[in-house]
Amino acid sequence: MNETTISSDTSPKLAKVMELARKDPGLRLRSLAHVLDEDLLTRSFHQLRKDAAIGVDEVTKEGYGLNLADNIRGLHERMKRTRYRHQPIRRVHIPKSNGALRPLGISCTEDKIVQRALTTLLTAIYEPVFMNCSYGFRPGRSAHDAIKALHSITEKATWILEADIEAFFDSVDRKQLMVELRKRIDDESLLRLVGKCLHVGILDGETYSEPDIGTVQGSVLSPLLGNVYLHYALDEWFAREVEPRMRGSAQLVRYADDFVIGFETKEDADRVMRVLPQRLGRYGLRLNPEKTRLIPFRRPRDDDDGRRNGTFDFLGFTWYWGRGDRWTVRVKTRTSRMRRALVAIAEWCRQHRHDPVREQHRGLTRRMQGHYNYFAVSGNDRPVWRLLYWATRIWRKWLTRRSQRSKMTWPRFQQMERALPLPRPKLKRLW
């Protein structure tokens, strides 16, 4: 469990809730809805992205902000009188790396404000009780923190359970979620507001539906509600019921709905593998049988080639035992993630090949630096340098196709690159 950080701009009402939640993790908190005042709603508005996609009402953040004070006042009044209604969510589909489509919900600007305010309040309530094994969508925690924690576990584990929850956000049982929320919240007006953000219609093209399970992917509120759900379904159960019954060490690392468990003994790993589907099934969740597996991951002997160990994927990296002076756990960019990054770079270069070269350079630099910021970590030097190698060639390819008369030869390209070099990766040391 964690200490909740109170920022300097936190309102006194919210600070009081955070203090009560921290002092007594078992307390059911009452009289919470009043924290959702005009000040918090206004701050929630300013936290929205300026370029965020618009919902079914086609009102942008800029448009809503033209009359912000009156709009916030009217929204707050409707919330107090329980007259607030969440508008239907516009659904769009974005391609995944495996060729499938991921549905994302886009809320209206006003609904995003309410979701953001609820997220702030619920974060204050639940941060003190969330387990240390949980890293996703939490203040002060990142994917790199989860990777660092898992690395220390894999150095000692002999078996790894790589788990994948099938369509997690679409499978959340809303009634069960409300049961779990009531363990911490004793304010029906706040719970009704959460319910209004859950029970909302979806407009997919010209098709309108009202699903009775799941939380909308793309909603500001969904990641936090997902954390609450898995806190009770998985984290708390594992800490209280599973770990004390293990013969050896067993440790869980979870980032949103992705998690890995490291075991010291095969017997413990088999026991958890048997009971885990039953436990998640009580919450309407199902493990993906094709992506959930037990993997031998013991430190190889000095005279071993390491081939008896498996590899597993977590948070965009493939994990494996590698040998330099000694055997160590290493990570490398997943092949699918590398392929996705290069395809995205190639598509961007194709679309912008007629832009001025300096503008192309700025755009490529931003994209490559974003990749480095996440993937340029200890031991992953070859894949990030490989990205630079291929990105350079992709850029030249599309510069060559700008004109049939003036071909971008390698000497000419190298001369241009000396003036406009693409960024070089700098590795971040995580361990």
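Two strands count as paired if DSSP finds at least two bridges between them. I kept that in mind for the hairpin, which I took up before anything else. The model is a predicted one.

**Entry: the hairpin**

I looked up how β10 connects to β11 and found a hairpin that joins them through three residues. Strand β10 covers residues 317-323 and pairs with β11 in the antiparallel sense, over seven bridges. For one register point I noted T318, which stands opposite K332 in β11. Is β11 mostly covered or mostly open? Strand β11, residues 327-333, is mostly covered, with five of its seven residues buried.

**Entry: the four-stranded sheet**

Next I traced an open sheet of four strands, whose order is β6-β7-β3-β8 and whose pairing is antiparallel. Its edges are β6 (250-255) and β8 (293-296), each of which pairs on one side only. I read an average turn of 20° between neighbouring strands of this sheet, direction ignored.

I then checked the pair β3 and β7. Residues 159-164 (β3) and residues 258-263 (β7) pair in the antiparallel sense over six bridges. Which residue of β7 is the bridge partner of D164? The partner of D164 is D258. I wrote both names down for the pocket entry.

**Entry: helices on the sheet**

I looked for helices against these strands. Helix α6, residues 143-154, lies across β3, β6 and β7 and runs at about 160° to β6. Helix α10, residues 222-242, packs on the sheet and touches β6 and β7. The direction of α10 makes about 175° with that of β6.

**Entry: the largest pocket**

I looked up the largest pocket and noted a volume of about 1800 Å³. How many residues line it? The lining of the largest pocket has 47 residues, and those nearest its centre are K96, R102, D164, D257 and D258. D164 and D258 are thus back in my notes, here as residues near the pocket centre and before as bridge partners.

I went through the elements that give two or more residues to this lining: β1 (89-95), β2 (101-106), β3, α7 (168-171), α10, β7, β9 (312-314) and α12 (335-351). The largest share, four residues, comes from β2. By class I recorded 23 nonpolar, nine polar and 15 charged residues in the lining of the largest pocket.

**Entry: cavities**

I searched for enclosed space and found two cavities of 30 Å³ or more. The largest cavity has a volume of about 70 Å³. R174, C197, L198, G214, T215, V216, S219, L221, S222 and L225 line the largest cavity. Both α9 (188-198) and α10 supply at least two residues of that lining. I sorted the lining of the largest cavity into five nonpolar residues, four polar and one charged.

The second largest cavity holds about 50 Å³ of space. Its lining consists of L48, R49, A52, A53, I54, V59, T60, K61, T109 and K112. That lining divides into five nonpolar, two polar and three charged residues.

**Entry: positive phi**

Last, I looked up backbone angles. S31 is not a glycine, yet has a positive phi of about 45°. I placed S31 in the loop between α1 (12-23) and α2 (38-46). F137, also not a glycine, has a positive phi of about 55°. I found F137 in the loop between α5 (109-126) and α6, and α6 is the helix I had noted across β3, β6 and β7.

Key
Residues are numbered from 1 along each chain as its sequence is written. This is a predicted model: local features need pLDDT of at least 70, side-chain atom pairs count only at pLDDT 80 or more; totals for chains, interfaces and linings use all residues. Side-chain values use heavy atoms; hydrogens and water are left out. Axes are lines fitted to C-alpha atoms, for helices over the stretch in contact, and angles run from 0 to 180 degrees between N-to-C directions. Contact means heavy atoms within 4.5 Å. On a 1 Å grid over the protein atoms alone, a cavity is a set of points where a 1.4 Å probe fits but cannot get out, and a pocket is an open set with protein on both sides within 12 Å along at least five of seven lines; lining residues have an atom within 4 Å of a point. Grid points are joined across faces, edges and corners, and a volume is the space filled by probe spheres set on the points. Ala, Val, Leu, Ile, Met, Phe, Trp, Tyr, Cys and Pro count as nonpolar, Asp, Glu, Lys and Arg as charged, and the others, Gly among them, as polar. Buried means under 20% relative accessible area, exposed over 50%, partly exposed in between (1.4 Å probe, protein chains only).
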